[in-house]
Amino acid sequence: MHRAAPESDIDESALQVTAPKTEAAGVKAVTVALERAVEEMGVVRTMRTLARVNQRHGFDCPGCAWPEPAGRRRPAEFCENGAKAVAEEATLRTVTPEFFAQHSLDDLANKSGYWLGRQGRLTHPMVLREGDTHYSPIAWDDAYRLIADSLRGLDSPDEAVFYTSGRTANETAFLYQLLVRAYGTNNLPDCSNMCHESSGTALVSSIGIGKGSVTIDDFAKADLIIVAGQNPGTNHPRMLSALAEAKMHGAKVIAVNPLPETGLISFKDPQTLKGFTGGVSIADDFLQIRLGGDMALFQGLAKLLFDAEDRAPGTVVDRTFVDAHTAGFADYEKHMRAVDLDTVVEATGLSREDLDRTAKLLAESTSTIICWAMGLTQQVHGVATIEEATNLLLLRGMIGKPGAGVCPVRGHSNVQGDRTMGIWEKMPEPFLAALDREFGITSPRTHGFDTVNAIRAMRDGRGKVFFGMGGNFVSATPDTEVTEAALRNCELTVQVSTKLNRSHVVHGRTALILPTLGRTDADIQDGVRQQVSVEDSMSMVHLSTGRLTPVGDQLRSEVAIVCELAEQLFGASHAIAWAEFRRDYDKIRDAIARVVPGCADYNAKVRGRNGFQLPHPPRDAREFRTATGKANFAVNDLHWLPVPEGRLILQTLRSHDQYNTTIYGLDDRYRGIRDGRRVVLVNPQDITALGFAEDDLVDVISEFEDGTERSVAGFRLVGYQTPPGNAAAYYPETNPLIPLDHVAKRSNTPVSKAVTVRFQRHTHVIA
């Protein structure tokens, strides 16, 4: 029997399916953004707030991490989904103690995540004690005391888990990891573990730093941009402006994706006259690759590049760069020359002509950028796949030159900054030593839990306290039933949040909700307005200043929450000046300057017109801080995922009305889905071949080599232009299909791309 999903407030029978859109953004995007904003904030608050998004002396959008331009900012320096994110945070709706008195935990547990998020901003700290049926108010000091007593009562600091969301600002992240290490553990899982951990793992091995090597200015200088496993139109819409500018300068853009994505077909920039009269065709070529075929594509292209080098020696392989700056080339060349192109065609679903055409563009390009996102990172062999993409750039000398390089496009607006500030379960020794020197502590050296290992620890009773600094851990993680049971196994769960979400109703024996300020809110400490800083996807660090009056006087900044908890946990005589940090965020930045590499003179540089860019040795000087002292070619055996008889290969993805786990609405406008989310997009030929018809309700069962199966019930089949044998569905509804142990090799990232599934006809079961 299938476990009932908490979706009773969404009427999936109202779902409508129309043809996918062929143009992204434009007037429609402006209309939708303003309608949502006015609904949440009212007209005056909307105008004042949106005018400050991503502006100098304004606040950083709480959505994606795409960078702002270095020159003139446009009046509306945000996208449709950015406006939705701001509206969600700056809403006038509130969740008060009276709300919790009216709604029991059983009631809230049966609500969807969409319903919970729509209720508004949290206004008071709340507690749920063992045996209670409702959350009730608690004073801040009592909440801190409860947490401190629980932490001090553990047998080991390693029994506590401290999670971080990517929206946490640099100042909070730095103090949070400082508190955790002063307490005595490295258990610092974060959302990077679930998104770009594979990117970091691959890039550190290949080029010595786990960040992208390009800047926003490089896009206008590139002549070839490959966008693989990414949907900019929904997930990073402002990227479309950069791609459109690149096209104006003559660049070719290749989209590599199982699904046709509207934003890469045609982009109507609503801030230009042409955006109202017609769109810009972004992708010059669309390679509709089969799920799991990306590694084969990159290896096949390398094989063809070596063949081209044989035909015209000295014109394809950048021997000067390879000889001076790389290691392992001979082994890589031998391995790639043995690649079987017939296998590549089978694995990718592409034609030989597709491969030849793409290889020709790569061979002729003088400045190539390869961009990617979750479509590559969340595969079993995601790390090796990204190494293969990097190999192509190394082969052509496309690292450390204008208009060329690697571009992992991050999601959350400061997920990269959190890692820079020390939010990682295995920070390197130089960082820990600098932290110890600065604060007179002894940081633990044993590596801590990442996200998957944290869930395992809580499941097994080795993790007893969970502290979540933002985010929605339950809905972001795989294997939903196991994750929920793990959290319920904790003695205490603490969620620092702006809004209600599923993680508040899946709790330990005691639970706390601590309401915090958002990016849009004014942060006043002892009468002085404070600013925070963030790092974008291209290593630019800049300030963010909220201006809105908070919805209640009980909200605390994340910095204040960390500092006040630390004072309660360690006592007033502790070596670290927590009270000073809370009162003056400049003092935090001064400490960051002395501890974090590349952050010298932080307070001065971050106040520059565009902030400042962190150093990136491969980009800046073709310096590669690897074990070999050079960029390393990786040699990987080819892996891909054939489609078993009677099965499909599934990927999970976002809708256009969604940002990560936050559901803004029930429409996926670009894909033609309206008023519903429990759908599976399948090639019409596959629907027929499997014995079903469009609009049928099915249960989806995932299958794994060890015999493990997971299932979700009651999904509607929608005919869609997917590659034969492939399917797609939204998360978090499909998170239960991904077992906790189904992870990427080397990075331990949960794998939700390229999952084998079967369908069975859905029947309503009465419990």
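**Exercise 1: cysteines.** Work out how many disulfides the structure holds, and explain why Cys64 is not bonded to Cys79.

*Solution.* Start with the rule: a disulfide is a pair of cysteine sulfur atoms within 2.5 Å. Chemically speaking, a disulfide is a covalent bond between the sulfur atoms of two cysteines. Count them, and the structure holds 0 disulfides. Take Cys61: the nearest cysteine sulfur belongs to Cys79 and sits 6.3 Å away, so with a limit of 2.5 Å Cys61 is in no disulfide. For Cys64, the closest cysteine sulfur is again in Cys79, at 5.9 Å, which is too far for a bond.

Before going on, note what you're looking at: a predicted model, where local features need pLDDT of at least 70, side-chain atom pairs count only at pLDDT 80 or more, and totals for chains, interfaces and linings use all residues. Residues are numbered from 1 along each chain as its sequence is written, and side-chain values use heavy atoms, with hydrogens and water left out.

**Exercise 2: buried or exposed?** Decide whether Cys61 is buried or exposed, then do it for Cys64.

*Solution.* You need the cut-offs: buried is under 20% relative accessible area, exposed is over 50%, and partly exposed is in between (1.4 Å probe, protein chains only). Cys61 has 6% relative accessibility, so it counts as buried. Cys64 comes out at 11%, so Cys64 is buried too.

**Exercise 3: strand β29.** Find which strands pair with β29, and say why β29 is largely enclosed.

*Solution.* Strands (E, at least two residues) and helices (H or I, at least four) are DSSP runs, numbered from the N terminus. Two strands pair if DSSP finds at least two bridges between them.

1. β29 covers residues 697-703 and pairs with β30 (residues 709-719) in the antiparallel sense, over 6 bridges. In this pair, Val700 stands opposite Val712.
2. β29 and β30 form a hairpin with 5 residues between them, and Gly707 in the turn has a positive phi of about 90°.
3. β32 (residues 753-761) is joined to β29 by 5 bridges, again antiparallel. Here Asp699 has Gln760 as its bridge partner.
4. Now the enclosure: 6 of the 7 residues of β29 are buried, so the strand is largely enclosed by the rest of the structure.

**Exercise 4: Thr168.** Locate Thr168 and list what it touches.

*Solution.* Thr168 is in the loop between β7 (160-164) and α8 (170-183). Its relative accessibility is 1%, so Thr168 counts as buried. Leaving out residues up to four places away in sequence, Thr168 touches Ala173, Asn414, Asp418, Met469 and Glu558 (contact means heavy atoms within 4.5 Å). The Thr168 side chain also reaches the backbone oxygen of Ser165 at 3.2 Å.

**Exercise 5: backbone oddities.** Where do Ala25, Asn54 and Pro732 lie, and what is phi or omega there?

*Solution.* Keep this in mind: most residues other than glycine have a negative phi, and most peptide bonds are trans.

- Ala25 lies in strand β2 (residues 24-25), with a positive phi near 70°. It has a relative accessible area of 18%, so Ala25 is buried.
- Asn54 is in the loop between α2 (43-50) and α3 (80-89), with a positive phi near 60°. At 3% relative accessibility, Asn54 counts as buried.
- Pro732 lies in the loop between β31 (726-730) and β32. The peptide bond from Tyr731 to Pro732 is cis, with omega near 10°.

Notes
A polar contact is a pair of N or O atoms within 3.5 Å; within protein, one must be able to donate a hydrogen and the other to accept it, and residues adjacent in sequence count only if both atoms are side-chain atoms.
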